[in-house]
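Student: I have a model open and would like to understand the labels attached to it. Could we go through them one at a time?

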Amino acid sequence: MAQNYFAALRDVALAVNSSLEPSAVLQQITEHAAKAMSCKACTIRLLDGTGHFLLPTAAYGLSDTYMRKGPVEVGRSGLDGEVLGGKIIHLKDATSDGRFQYPESAKAEGLVSVLSAPLLVNGKTIGLIRVYSSEERDFTPDEETFMQAVAALSAMSIENARLHDALRNNYELMAKHAYSVYED
């Protein structure tokens, strides 16, 4: 089983290095994570500017109906609050655990167990990654470690894209300024 995790981590690292377009990279990451862990689905959600909502950023294996179930409010989801606090959290049965915000939607989608890990950039949580199993299961310590590694690579990808955009914007501003100086 460990060999599958090594191969999946390689694939995630290759995806991170393949593009500075976060949506494409994160989409690949969700697919690799779900398949490596033999899970039905995976999502990556990022905090909005207010820090009150988790926005769907990438998903694999979930229906459009599930993805549109409603806003994920950090204040109403005990699970998400714990994960955003820096913990990796496992729910054996999300449909009956009061910390899960939409248990009815999870049940309708056929989701049972979930494992969530925070996305951290420079010690600050920017979102989370979550895998969903269609059957009740206990996630192993190796699976938790794998999720932490995938979360770290995902956060690195997001930060690299953000830094690339900032660098490009600064360059464009400098080029415009230099052009206007030479025009005068």
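Tutor: Happily! Let's start with the naming: helices (H or I, at least four residues) and strands (E, at least two) are DSSP runs, numbered from the N terminus. Keep in mind that this is a predicted model.

Student: Where does Ser 38 belong in that scheme?

Tutor: Ser 38 is found in the loop between H2 and strand S1 (41–47).

Student: What makes the phi of Ser 38 worth a look?

Tutor: Its sign. Most residues other than glycine have a negative phi. Ser 38 is not a glycine, but its phi is positive, about 55°.

Student: Why is Ser 38 called exposed?

Tutor: Exposed means over 50% relative accessible area. Ser 38 has a relative accessibility of 58%, so it counts as exposed.

Student: Which loop holds Asn 122, and what is its phi?

Tutor: Asn 122 is in the loop between strand S5 (113–121) and strand S6 (124–133). Its phi is positive too, at about 50°, although Asn 122 is not a glycine.

Student: How do you know whether Asn 122 is buried or exposed?

Tutor: Use the cut-off of over 50% again. Asn 122 has a relative accessible area of 75%, and therefore it is exposed.

Student: On to the empty spaces. What makes a space a cavity and not a pocket?

Tutor: In a cavity a 1.4 Å probe fits but cannot get out, whereas a pocket is an open set. The count here is one cavity of 30 Å³ or more, and the largest cavity has a volume of about 80 Å³.

Student: Which residues line the largest cavity?

Tutor: Among them are Arg 45, Lys 69, Asp 80, Phe 100 and Tyr 132. Helix H4 (78–84) and S6 each supply at least two lining residues.

Student: How does the lining of the largest cavity divide by residue type?

Tutor: Into six nonpolar, two polar and four charged. Tyr counts as nonpolar in this scheme, and the lining includes Tyr 66, Tyr 102 and Tyr 132.

Student: And what is the volume of the largest pocket?

Tutor: About 160 Å³. Its lining includes Pro 22, Leu 26, Thr 57, Glu 159 and Arg 162. The elements giving two or more residues to that lining are helix H2 (22–36) and helix H6 (141–183).

Student: Which element gives the largest share of the pocket lining?

Tutor: H6, with three residues. By type, the lining of the largest pocket has six nonpolar residues, one polar and two charged.

Conventions. Residues are numbered from 1 along each chain as its sequence is written. This is a predicted model: local features need pLDDT of at least 70, side-chain atom pairs count only at pLDDT 80 or more; totals for chains, interfaces and linings use all residues. Side-chain values use heavy atoms; hydrogens and water are left out. On a 1 Å grid over the protein atoms alone, a cavity is a set of points where a 1.4 Å probe fits but cannot get out, and a pocket is an open set with protein on both sides within 12 Å along at least five of seven lines; lining residues have an atom within 4 Å of a point. Grid points are joined across faces, edges and corners, and a volume is the space filled by probe spheres set on the points. Buried means under 20% relative accessible area, exposed over 50%, partly exposed in between (1.4 Å probe, protein chains only).
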